[in-house]
Every structure is written in structure tokens, then in C-alpha cells.
Amino acid sequence: MRTDLSHFETIARRTVDTMPAAFRAAAQHVLLRIADWPDPDMLAELGIDDPLDLTGLYDGIPMTEKSIDDFPAPPDTVWLFREPILAEWRDRADIGLDDLIAHVVVHEFAHHFGWSDEDIATIDEWWT
């Protein structure tokens with residue numbers, strides 16, 4: 001089984017490509033970044049001590065909060081962190097790696113579309 005960064009990117013892009021059309025068009029304008037670990041500055045900003053606790057991150061302004069009056073901002077980005085995802089996959093042992101990668105992708109893109117963690121938990125008990 002492949003677990004390298006390239007495999008993670010392939011699964012993440014495939015997940016975006018299979019989103020419903022109404023979401024896919026907007027999702028394709030978001031940068032997708034795959035890294036082994038979250039950057040220490042990201043962890044500090046989020047108040048997270050253990051890098052294994054962050055499997056993904058949406059960095060941007062949710063679509064529901066954007067305005068044409070906003071100053072130009074850096075592009076919206078969805079980050080996936082390979083090592084924390086691999087650790088969760090090993091710990092859980094009840095889901096395939098590709099399914100876990102896809103799940104993290106969908107969760108982070110839900111934030112792009114303006115959903116809170118509480119909104120996501122309403123339809124996806126995984127996160128509760």
C-alpha cells in the first residue's frame with residue numbers, strides 16, 4: 001500500500017473531482033497542499049500542542065463570509081498532513097487509508113463552504 005505524499009495528493013484530487021457539481025466548481029479554485037506535518041506556526045495559532053492532533057486545515061475565508069469589498073487575500077488553501085492522518089489510520093484500524101484521506105478532504109472543504117465543526121457533526125457523527 002502506498003502512503004507517500006503523491007498518493008495522498010492523488011486521493012485528495014480524486015475526492016475533489018468527484019464532489020457534486022455545485023461544490024466541485026468552487027472547490028477547484030482552492031489550493032490543495034499535502035505536507036508531512038503541520039507547520040509549528042499553524043499549531044501555535046490554533047493552540048494545538050501535539051502535531052498528531054491536526055490531520056487537515058482549511059486556511060482562508062469561507063465562501064459565506066467573502067465580499068467583493070474585501071481586500072485581495074491569499075488564496076484559500078486546504079492542507080492535509082500525512083503523518084497525523086497515517087497515525088489516525090493506524091490507531092483506528094477500522095477504515096481504509098484512502099477513505100480516511102477523502103474524509104479529511106471533505107471535512108476541510110466543508111469549512112471552505114462555510115460550515116462549522118458543529119454543522120459538520122450534525123450530518124457526520126465521525127467528528128463528534
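Okay, one definition before anything else: a residue is called buried when its relative accessible area is under 20%, exposed when that area is over 50%, and partly exposed in between. Keep that handy. And please remember that what you see above is a predicted model.

Let's start with the whole thing. The protein has 128 residues, and 38% of them count as buried. You'll find six helices and three strands. Walking along from the N terminus, the order is α-α-β-α-β-β-α-α-α. The accessible surface adds up to about 7700 Å², and carbon and sulfur atoms own 52% of that. Now contacts: if we take those between residues at least 6 apart in sequence, 66% of them join residues at least 24 apart.

Next, salt bridges. Side chains of opposite charge can pair when their charged atoms come close. How many salt bridges are there here? The count is six. I'll show you some of them.

Look for Asp36 and Arg82. They form a salt bridge, with the closest N and O atoms 2.6 Å apart. What I like is where the partners come from: Asp36 sits in the loop between strand S1 (31–35) and H3, while Arg82 belongs to helix H4, so to speak 46 residues away, and the pair links distant parts of the chain.

So, is Arg82 buried or exposed? Use our definition: the relative accessibility of Arg82 is 14%, and the cut-off for buried is under 20%, so Arg82 counts as buried. Asp36, on the other hand, has a relative accessible area of 29%, which makes it partly exposed.

Arg82 has another partner, Glu83. Their side chains meet in a salt bridge too, at 2.8 Å from N to O. Glu83 comes out as partly exposed, because its relative accessibility is 21%.

Moving on to Arg92 and Asp94: here's one more salt bridge, and its closest N and O atoms are 3.1 Å apart. Arg92 is partly exposed at 31%, whereas Asp94 reaches 55% and counts as exposed. Going back to the earlier trio for a second, salt bridges with shared partners tie Asp36, Arg82 and Glu83 into one network.

While we're in this region, have a look at Ala93. Ala93 is in the loop between helix H4 (82–92) and helix H5 (97–112). What is unusual about its backbone? Most residues other than glycine have a negative phi. Ala93 isn't glycine, and still its phi is positive, near 55°. Ala93 is also exposed, since its relative accessible area is 67%.

Now for a residue on the covered side. Thr55 lies in the loop between helix H3 (40–46) and S2. With a relative accessible area of just 11%, Thr55 is buried. Which residues does Thr55 touch? Leaving out residues up to four places away in sequence, the list is Trp79, Leu80, Phe81, Pro84, Ile85, Glu88 and Val104.

Last stop, the surface. Asp39, Asp41, Glu45 and Asp59 form a negative patch there. Try finding Asp59 on your screen: it's in strand S2, residues 56–59. Asp59 is partly exposed, because its relative accessible area is 43%.

That's my tour. If you go back to one spot afterwards, I'd pick Arg82: buried at 14%, bridged to Asp36 and bridged to Glu83. Thanks, everyone!

Methods:
Residues numbered from 1 in each chain as written. Predicted model: local features only at pLDDT ≥ 70, side-chain atom pairs only at ≥ 80, totals over all residues. Heavy atoms only, no water. Patch = residues over 30% accessible without salt bridge, like charges linked within 9 Å, V, L, I, M, F, W, Y side chains within 5 Å. Areas by Shrake-Rupley, 256 points an atom, 1.4 Å probe, with all protein chains shown as cover. Salt bridge = Lys/Arg side-chain N within 4 Å of Asp/Glu carboxyl O. Lys, Arg positive; Asp, Glu negative; His and termini not counted. Charge placed at Lys NZ, Arg CZ, Asp CG, Glu CD. Helix = DSSP H or I, 4+ residues; strand = E, 2+ residues; numbered from the N terminus. Buried < 20%, exposed > 50% of the residue type's maximum accessible area, 1.4 Å probe, protein only. Contact = heavy atoms within 4.5 Å.
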